[in-house]
Amino acid sequence: MTGWKRYIVVWGGVVIAAAACVLVIPYMFSSRGVIGPTLLQAQSPIAACLTLLAGLAAATIVGAVVGRLTNAVVGLFVIGFGLGMLALRFGSIQDLAFADGSLPLLALETVLWACAVLGSTLVVFWIAGPLGDFAADEEKDPSSSRWSLGGAAAGIVMLPVVWLMARSELRGQTLAATVLGGLVAGMLARLLSPQTQPRLIFATACLAGAVGHVIGAVVIQVSTADGMAAAYVASTLPAVSLPLPIDYAVGSLIGVAMGLGWAASFLHHEQEGEAAPSTASSNQ
């Protein structure tokens, strides 16, 4: 699908996925009266988790349909965009700090988000099918599967990028930092593993956020005994702890999708450049 039809399908899917995610807002309020900032520390964690799972399931179906009409990476981008509209409404790490929040619990929630991202990724790839522009697919070439973990490991670069970019807890800034981190992770994964379908990199980029929250918990334990609120006031929270779990999920879906697309374009042009001399020599 190309041209205006593709744009209609993609952005129509974005609107529907965003609507499905935003509908769960009434169940996301915390004890401070703000939306979020986490699910496990909401007024009703079970209701928050169940309704968000329903919204994510609906967005995943939309993303799978879009992926079937375009490709799987575009479908995952649609899911991420829908979640991003919800994430922008969430409170920040400041609200969590002054509600006696827990960074270890935040790390656990980020792990759960990584599992949800992996589930959505597998569903979209199952319905949409493998990406056709990869040099080889592991189902056809089992030897290429040994590179899959190498590509997935690129998700760890999410942390240094977030550390450089997240200077405050402002929602737009933390989301932008994770999207940029996901973009770099996606590009690196494609360059490291050009022959393997990128089914794991989306989840591992999100999982890196859990490592960031663990780092924050250790820093708080070492620097102050007064808890997360004191660390926030003293500005000793590491930058990698500022994004929320949903921020890392959105950044991994949107950013990695963009990074894979950009890297694919780069590799495509490189191959064209290599093919030109051989064509010229054959003409001679």
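Colleague: How many helices and how many strands does the secondary structure of the protein chain come to?
Modeller: The model is a predicted one. Read along the sequence, its protein chain follows the pattern α-α-α-α-α-α-α-α-α-α-α. The secondary structure therefore comes to eleven helices and zero strands.

Colleague: What percentage of the contacts in the protein chain with a separation of 6 or more comes from residues 24 or more positions apart?
Modeller: The protein chain has 284 residues, of which 52% are buried. It exposes about 12,800 Å², and carbon and sulfur atoms supply 69% of that area. Among contacts with a separation of 6 or more, the share from residues 24 or more positions apart is 82%.

Colleague: How far apart are the end C-alpha atoms of helix H3, and what span should its residues give?
Modeller: Helix H3 covers residues 72–87, which is 16 residues. The expected span is 1.5 Å times one less than the number of residues. For H3 this should give 22 Å, and the distance between the end C-alpha atoms agrees, at 22 Å.

Colleague: How many of the 16 residues of H3 are buried?
Modeller: Leu76 is placed in helix H3, and its relative accessibility of 0% falls under the 20% limit, so Leu76 counts as buried. H3 is largely enclosed by the rest of the structure, because the number of its 16 residues that are buried is 14.

Colleague: Which residues does Leu76 touch, not counting those up to four places away in sequence?
Modeller: The C-alpha atom of Leu76 is separated by 7.9 Å from that of Thr60, a residue 16 positions away along the chain. With residues up to four places away left out, Leu76 touches Ser120, Thr121, Val124, Phe125, Phe202 and Leu253.

Colleague: Which backbone nitrogen does a side-chain oxygen of Asn71 reach at the start of H3?
Modeller: The side-chain oxygen of Asn71 comes to within 3.0 Å of its partner. A pair of N or O atoms must lie within 3.5 Å to form a polar contact. The partner at the start of H3 is the backbone nitrogen of Val73.

Colleague: Is the peptide bond from Gly36 to Pro37 cis or trans?
Modeller: Pro37 lies in the loop between H1 and H2. Most peptide bonds are trans. The bond from Gly36 to Pro37 has omega near 0°, and it is cis.

Colleague: Which side chain does that of Thr38 join in a polar contact?
Modeller: Thr38 is found in the loop between helix H1 (3–22) and helix H2 (45–69). Its relative accessibility is 2%, so Thr38 counts as buried. The polar contact made by its side chain is 3.3 Å, and the partner is the side chain of Gln41.

Colleague: Which residues are in contact with Thr38 once its neighbours within four places in sequence are left aside?
Modeller: Leu96, in helix H4 (residues 93–97), has Thr38 among the residues it touches, along with others including Pro37 and Met228. Leu96 counts as buried, at 4% relative accessibility. For Thr38, leaving aside neighbours within four places, the contacts are Leu96, Leu106 and Glu109.

Colleague: Which two side chains meet in a salt bridge?
Modeller: The count of salt bridges comes to one. Its partners lie in helix H8 and helix H11, so the pair ties together parts that are 76 residues apart in sequence. One partner counts as buried at 12% relative accessibility, and the other at 0%. With an N to O distance of 2.6 Å, the side chains are those of Arg171 and Asp247.

Colleague: Which helix gives the most to the nonpolar patch?
Modeller: Trp163, Leu164, Met165, Leu180 and Val184 form this surface patch, with about 460 Å² of accessible area together. The elements that give two or more residues to it are helix H7 (158–165) and helix H8 (171–192). Trp163 lies in helix H7. The helix that gives the most, with three residues, is H7.

Colleague: What is the phi of Ser235?
Modeller: Ser235 is placed in the loop between helix H10 (228–233) and helix H11 (245–283). Its relative accessible area is 63%, over the 50% limit, so Ser235 is exposed. Most residues other than glycine have a negative phi. In Ser235, a residue other than glycine, phi is positive, near 60°.

Key
Residues numbered from 1 in each chain as written. Predicted model: local features only at pLDDT ≥ 70, side-chain atom pairs only at ≥ 80, totals over all residues. Heavy atoms only, no water. Helix = DSSP H or I, 4+ residues; strand = E, 2+ residues; numbered from the N terminus. Buried < 20%, exposed > 50% of the residue type's maximum accessible area, 1.4 Å probe, protein only. Polar contact = N/O pair within 3.5 Å; in protein donor to acceptor, adjacent residues only side chain to side chain. Contact = heavy atoms within 4.5 Å. Patch = residues over 30% accessible without salt bridge, like charges linked within 9 Å, V, L, I, M, F, W, Y side chains within 5 Å. Areas by Shrake-Rupley, 256 points an atom, 1.4 Å probe, with all protein chains shown as cover. Salt bridge = Lys/Arg side-chain N within 4 Å of Asp/Glu carboxyl O.
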